[in-house]
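Got your viewer open and a coffee to hand? Load the model shown here and follow along, selecting as we go.

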Amino acid sequence: MAASEFHPAEQETTGDGLAARILRAIEGVLGVSAALVLAMLLFMVLVTVCMRYFFAAGFIGAEDLGIWLHVLLIALGAPLSLNSALAMRLDVFVNMLPERLRPVTQIAADVFTVLSGLILSFGGNEIMTMLGGISPTLGVPEWIRFGFLGVGGALILIVLLLQRIVEGKALPVLLSIAIGAAFYAGIPFVSVELDWPPSIFLGLIAAIGLVLAAPLPHAFLAAAYVVIAFGSSLPEPAIVSSTVTGISKFLLLAIPFFLLAGGLLTASGVANQLVRFAAAMVGHRRAGLAQTTLLTSVLFSGASGSSVANAAFGASTFQPELVRHGYPPAKAAAIIAATSVLDNVIPPSIAFLILATATNLSVGSLLVGGFFAGGLMAICLAVAIHLTVRDQAPLPRATSVQRWQSAIQAIPAFGLGVIVVVGIRIGIVTTTEAAALAAFYTFLLGIGARLGVLSLYAAFRQAAVEAAAIGLLIGTAGPFAFLLAVDDVSGLISHLTTVLGGSALAVILLSNVILLVVGLVLDIGAAILLFGPILLPAAVAAGIDPIHFGVIIVVNLMIHGLTPPLGMLIFVVSGVTRIPASALFKAVVPYLLALLVSLAVLCAWAIIF
Amino acid sequence: APALVRTAAARTTTITIASLLGDDKPETKIWVKISELVEAKLPGQFKFNIVKSGALGGEKEVAEGVRLGSIHAGLSTVSSLSGWAPELQILDLPFLFRDADHVRRTVSGDVGADLKGKLQAQNFVVGDFINYGARHLLTKEPVTRPEQLKGKRIRVIQSPLHTKLWSAFGTTPIGIPITETYNALATGVADAMDLTKSAYAGFKLYEVVPYMTETGHIWASGIIYYSSTFWGGLNDEQKAVFQQASTEGAAYFNQLIVDDEAASVEISLKNGGKLLKPEALEEWQKGAQGVWDDFAPVVGGLDRIKAIQSA
Ligand code: NA
Ligand code: NA
């Protein structure tokens with residue numbers, strides 16, 4: 001049973017024209033290459049762990065090599081995600097338009113993709129000559145890592161062109177390419193001198209792309225280039241380097257590994273056993289399986305620090321099972337997205353580590369605070385799930401014999417949780433390494449379930465393409481964050497807080513409003529780095545416990561993973577489940593409200609005590 | 001292009017500067033100081049946009065931004081720039097420098113001038129050298145002699161020089177980013193690390209590695225640097241002003257670090273941290289010998305290293 005049965009691979013190219021055949025060949029080569037890179041990445045991280053424990057030896061280039069391979073993986077996988085749900089297109093606005101306008105909006109949306117492809121290829125090329133430097137650990141020129149994305153950009157252009165030809169839209173796509181090329185060539189000669197900071201224009205242009213249903217990462221990149229005309233301080237090669245830098249973090253390698261673990265868990269049939277166990281335990285209750293998903297997410301959160309990884313894992317593991325048990329697909333996916341918020345609140349948490357770094361708060365104290373906040377959020381979500389899931393027919397109550405049997409059958413699945421939790425908790429491995437071990441464990445489960453080479457390949461390819469789509473979005477948010485920082489948008493807000501400078505209630509209210517607005521458009525990590533140090537002094541001055549306030553900052557910003565237009569967790573779940581983001585934003589509302597209630601409780605607590 | 005009427009303010013050149021830390025840290029204060037010195041001599045000509053808290057990335061990303069034209073100036077430890085100028089690693093050699101004065105004399109002399117030239121060739125114009133302080137050994141259990149390190153897992157920065165050093169003492173080096181280090185030490189992925197005194201208190205590492213042995217094995221040297229494109233656009237008077245401001249800024253920075261270290265030690269001791277003196281210093285130095293031999297060809301030969309040592 002292949003993973004593709006649950007979430008079919010990106011749309012198959014059909015037709016037997018020349019373009020279709022070339023496209024199929026390119027997609028085939030890219031798919032095999034991406035799967036191979038993922039396999040190499042996994043092998044490398046596992047070898048590092050083995051060397052450390054069995055040979056007491058370190059391999060210092062391992063981390064850099066992992067990062068480089070991850071960038072390569074994203075470059076190879078990004079073109080494959082172009083014309084699927086993985087492209088992260090927000091189609092809600094386009095769908096409101098009359099049918100005859102759609103071809104026009106598609107041409108416009110494709111202009112963004114063309115521009116983005118051109119920026120990546122030519123920017124990557126400029127970096128080749130401008131960057132210089134040799135990687136001290138790998139001994140090869142640094143530009144290679146950036147060059148990967150340059151090749152990725154060219155591939156994006158080729159795949160887009162062929163795809164549209166296959167769809168019978170040769171003329172429209174040529175028009176898109178012509179307009180895109182004209183923009184690309186023309187922008188350096190345009191200079192609009194307005195007093196507004198360039199980051200505002202970047203936001204506006206990206207928003208236009210978003211409304212036209214251009215893939216979000218490409219809207220970001222195209223906008224970052226167009227604002228050069230508005231006085232942006234990021235020249236073309238720096239746009240590309242800032243994108244590559246955004247994905248060059250070892251911790252992010254956990255994403256493809258957890259995706260792979262989820263895919264193989266499902267393909268091997270082991271996920272079924274976990275779900276069967278959950279169903280036997282609480283399936284007869286209302287929303288029993290959804291509650292189990294929540295509980296699993298809480299346990300998972302205790303092992304990982306990345307909500308994106310948790311969302312990807314839940315979306316590939318639990319969402320199909322929830323749907324099979326009668327949940328509407330969008331609601332099932334919304335539950336996954338909402339419960340994955342917990343990951344960055346319940347320790348370990350990447351968000352708290354970033355906050356501690358930016359503000360000098362004690363990591364230990366923050367994590368304790370996160371533990372309680374996470375518990376509160378889980379309770380609120382449990383209540384929301386109980387109230388919202390009514391239409392699902394409960395399963396018959398299982399006998400105690402059935403329960404025991406299902407528990408024993410689920411042992412391999414529990415083993416995965418044990419690896420992740422024990423690995424990190426006892427301190428044998430880092431988060432990334434734990435993710436790799438989890439992936440390897442599920443690989444063994446897949447072998448045990450006699451998965452064929454083709455099914456295993458399908459799982460690796462699937463995980464690679466999904467990770468590429470997610471990685472590209474994380475990277476392309478980089479130039480925006482850079483410009484917001486340069487334009488000192490945070491300084492403006494700092495001024496506002498000082499003007500207000502009153503009671504704890506006033507500071508809490510203003511801070512939450514600011515964070516709610518900021519979180520709409522900013523990456524969580526960047527938002528914490530920019531606004532944590534600014535809001536904290538005002539809170540301390542108003543007599544609020546800094547740790548408690550830090551927890552409020554993180555909880556507030558994490559909730560934004562679920563809000564439009566940039567709900568990262570929604571896009572991740574949408575990417576994996578192929579459910580349009582617009583449907584998910586709607587379906588997640590009850591759970592969003594539940595999380596806002598928990599935020600309100602945390603704020604009230606901070607003011608009263 | 002619709003060019004609007006240029007106002008007086010448009011004659012001001014805005015410089016984007018990256019600082020890794022917040023307002024109250026030497027990394028940001030130095031730029032405030034430099035901007036004041038420049039403003040006093042060249043009023044209204046430059047606006048320093050100091051982007052704080054690492055919002056523009058870490059040392060390596062800032063250096064890349066400087067080369068690609070998005071950032072005009074920054075600070076960096078020399079080890080982050082060794083991919084461009086490997087010769088810089090002479091300043092990172094373990095147990096080579098006795099104290100801060102020894103470091104200052106070296107970077108003010110021929111060695112410093114030579115390194116400035118190497119960096120200039122890589123499009124980094126050096127304002128001056130700075131000193132982040134010495135790196136010391138941090139452990140969960142007390143360690144005063146090198147043999148006590150055997151078998152421990154030590155967190156290192158991603159650098160062959162550091163890896164080589166700690167391998168020589170029989171430890172297993174693990175590369176862990178600084179943001180993950182606290183957790184890694186708390187859970188036992190690593191049992192030891194090395195860092196400067198200020199950063200030790202800044203990251204509250206006394207909570208997880210309470211023993212600091214004052215090995216002072218590596219002096220963390222750094223530079224104030226400008227992009228060569230920005231520098232090339234300055235006239236001679238402006239260049240002289242920036243050069244002078246950088247030198248005064250460096251002295252100010254070095255003093256801030258010394259004060260910060262004293263305060264950091266006080267905070268650490270108050271929170272359960274313990275200071276230890278290393279024993280058998282010659283044993284420690286012997287462990288470092290392999291690093292000197294390995295890096296001699298890269299940094300200009302063993303004779304040059306010995307000359308610095310005896311200077
Ligand atoms: Na977590
Ligand atoms: Na959002």
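Here is a tour that starts with whole chains and then visits single residues.

**Before you click**

This is a predicted model, where local features need pLDDT of at least 70 and side-chain atom pairs count only at pLDDT 80 or more, while totals for chains, interfaces and linings use all residues; side-chain values use heavy atoms, with hydrogens and water left out. Residues are numbered from 1 along each chain as its sequence is written, and chains are lettered from A and ligands numbered from 1 in the order in which they are written. For the complex, the predictor gives an ipTM of 0.85 and a pTM of 0.84.

**Stop 1: colour by confidence**

Colour everything by pLDDT, the predictor's confidence in each residue, from 0 to 100. Chain A has a mean of 84, with 88% of its residues at 70 or more. For chain B the mean is 91, and 95% of the residues reach 70 or more.

Now select residues 1-10 of chain A: pLDDT stays under 50 there, and the model has 26 contacts beyond four places in sequence for this stretch. A contact means heavy atoms within 4.5 Å. Do the same with residues 1-10 of chain B, where pLDDT also stays under 50 and the model has eight such contacts. Where pLDDT is low, the predicted coordinates should not be read in detail.

Where in chain A is helix confidence lowest, and where is it highest? Select helix 21 (residues 489-500) for the lowest, at a mean of 70, and helix 5 for the highest, at 97.

**Stop 2: chain A as a cartoon**

Switch to cartoon and show chain A: you get 27 helices and zero strands. Helices here are DSSP runs (H or I, at least four residues) and strands are runs of E (at least two), numbered from the N terminus. Of the 609 residues in chain A, 61% are buried, where buried means under 20% relative accessible area, exposed over 50% and partly exposed in between (1.4 Å probe, protein chains only). Turn on the surface and you are looking at about 21900 Å², with carbon and sulfur atoms supplying 74%. That area comes from the Shrake-Rupley method with a 1.4 Å probe, and for residues only the protein chains shown count as cover. Among chain A contacts between residues at least 6 apart in sequence, 82% join residues at least 24 apart.

**Stop 3: three residues in chain A**

Select Lys169(A), in the loop between helix 4 (143-166) and helix 5 (170-186). Is Lys169(A) buried or partly exposed? Its relative accessible area is 29%, so Lys169(A) is partly exposed. Beyond four places in sequence, Lys169(A) touches Gln106(A) and Arg164(A). Try a distance, too: Leu355(A) is 186 residues away in sequence and 48 Å away in space, C-alpha to C-alpha.

Next, pick Leu131(A), in the loop between helix 3 (102-130) and helix 4. Leu131(A) counts as buried because its relative accessibility is 0%. Show what surrounds Leu131(A), leaving out residues up to four places away: in chain A it touches Glu142(A), Trp143(A) and Phe146(A), and in chain B it touches Glu64(B), Arg67(B), Leu68(B) and Trp84(B).

Then go to Ser199(A), in helix 6 (residues 198-211). Ser199(A) has 3% relative accessibility, so it counts as buried. Which residues is Ser199(A) in contact with, leaving aside neighbours within four places? They are Phe480(A), Leu483(A), Leu484(A), Asp487(A) and Val489(A).

**Stop 4: over to chain B**

Show chain B and look for eleven helices and nine strands. Its C-alpha trace spans about 70 × 45 × 35 Å along the principal axes. Here 57% of the 311 residues count as buried. The surface of chain B exposes about 12200 Å², with 52% from carbon and sulfur atoms.

Finish with two backbone oddities. Phe95(B) sits in the loop between strand 3 (73-77) and helix 3 (100-108). Its phi is near 55°, a positive value in a residue other than glycine. At 10% relative accessibility, Phe95(B) is buried. Ala280(B), in the loop between strand 9 (274-276) and helix 10 (281-299), has a positive phi of about 50° although it is not a glycine.
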